[in-house]
Amino acid sequence: MRISDQYRAENARQHTESQGYGERGYKHLDDVLHLRNREGCTTALDYGCGKATLAKYARRVTDMPIACYDPCVPEFSAEPAPAELLICTDVLEHVEPLALNDVLEHMHNLCQKAFYFQIACREAKRVLSDGRNAHLLIRDPYFWFDTLRRYFDITDFRALPGHSVVVCGKPLGAAYL
């Protein structure tokens, strides 16, 4: 299970009702384009795209299409096709803890050549309707390093202590599941 029905409904509500929820993917465009150029990627998938701002901004400056997937946004909820570059920004900290391995396996299967992940390592300002912090997985950067390396070959790792981590690399040939 990658997401429970209850949590999907909560996130769908947040996307519909909350200003700013799922709207900041565009902030990573420069880093994504740099990685795309370095790795020679021609296709990309924004996993957990929210309101798809990364894809919208990318259309202004590049001819590389960025497909969008978000199970909580009806227009982007169809099962995505694999892409050379997998992008996931401000998403993994929102994953239900018991679903994390299924989500990472799904992402591994969709990533053909390279990935760019940005993961918050702090509490969110937003609180869900049930009182939980919107960041369900508040972990330190090294938790993410250890967890991700079971699915991906990590080539770049930048930790901003108390804030977030940026992780880039390539999919492993076979995940150590």
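A residue is termed buried when its relative accessible area is under 20%. In the predicted model described here, Asn11 has a relative accessible area of 6% and is therefore buried. Asn11 belongs to helix α1, which spans residues 5-17. Apart from residues up to four places away in sequence, Asn11 touches Tyr21 and Cys72.

A second buried polar position is provided by Asp70, whose relative accessible area is 6%. Asp70 is situated in the loop that runs between β2 (66-69) and β3 (83-89). When neighbours within four places in sequence are set aside, the contacts of Asp70 comprise His15, Gly48, Cys49, Gly50, Phe76 and Ser77. Between the C-alpha atoms of Asp70 and Asp102 the separation is 15 Å, the two residues being 32 residues apart along the chain.

Glu39, in helix α2, has a relative accessible area of 18%; because this value is under the 20% limit, Glu39 is likewise classed as buried. Beyond its neighbours within four places in sequence, Glu39 is in contact with Lys113, Ala114 and Lys170.

Ionic pairs were examined next. Side chains of opposite charge can pair when their charged atoms come close. In the model, the count of salt bridges comes to nine. One of these is formed by the side chains of Arg158 and Asp31, with an N to O distance of 3.8 Å. This pair connects distant parts of the chain, since Arg158 is in strand β5 (residues 152-160) and Asp31 is in helix α2 (residues 29-39), 127 residues apart. Both partners are assigned to the partly exposed class, which lies between the buried limit of 20% and the exposed limit of 50%: Arg158 has a relative accessibility of 43%, and Asp31 has a relative accessibility of 31%.

A further salt bridge joins Asp130 to Arg132, and here the closest N and O atoms are 2.8 Å apart. Asp130 is partly exposed, at 44% relative accessibility, and Arg132 is also partly exposed, at 36%. Asp146 and Arg149 form another such pair, for which the closest N and O atoms are 3.5 Å apart. The relative accessibility of Asp146 is 40%, so this residue counts as partly exposed; Arg149, with a relative accessible area of 47%, is partly exposed as well. In addition, salt bridges that share partners unite Arg38, Glu39, Asp156 and Lys170 in one network. Glu39, a member of this network, is the buried residue of helix α2 described above, and Lys170, also a member, is among the contacts of Glu39.

Positive charge also gathers on the surface, where Arg24, Lys27, Arg122 and Lys125 make up a patch. Within this patch, Arg122 is located in the loop between β4 (111-120) and α5 (141-148). The relative accessibility of Arg122 is 31%, and Arg122 is therefore partly exposed. Membership of a patch requires over 30% relative accessible area and no salt bridge, and the value of 31% for Arg122 satisfies the first of these conditions.

Notes. Residues numbered from 1 in each chain as written. Predicted model: local features only at pLDDT ≥ 70, side-chain atom pairs only at ≥ 80, totals over all residues. Heavy atoms only, no water. Patch = residues over 30% accessible without salt bridge, like charges linked within 9 Å, V, L, I, M, F, W, Y side chains within 5 Å. Areas by Shrake-Rupley, 256 points an atom, 1.4 Å probe, with all protein chains shown as cover. Salt bridge = Lys/Arg side-chain N within 4 Å of Asp/Glu carboxyl O. Lys, Arg positive; Asp, Glu negative; His and termini not counted. Charge placed at Lys NZ, Arg CZ, Asp CG, Glu CD. Helix = DSSP H or I, 4+ residues; strand = E, 2+ residues; numbered from the N terminus. Buried < 20%, exposed > 50% of the residue type's maximum accessible area, 1.4 Å probe, protein only. Contact = heavy atoms within 4.5 Å.
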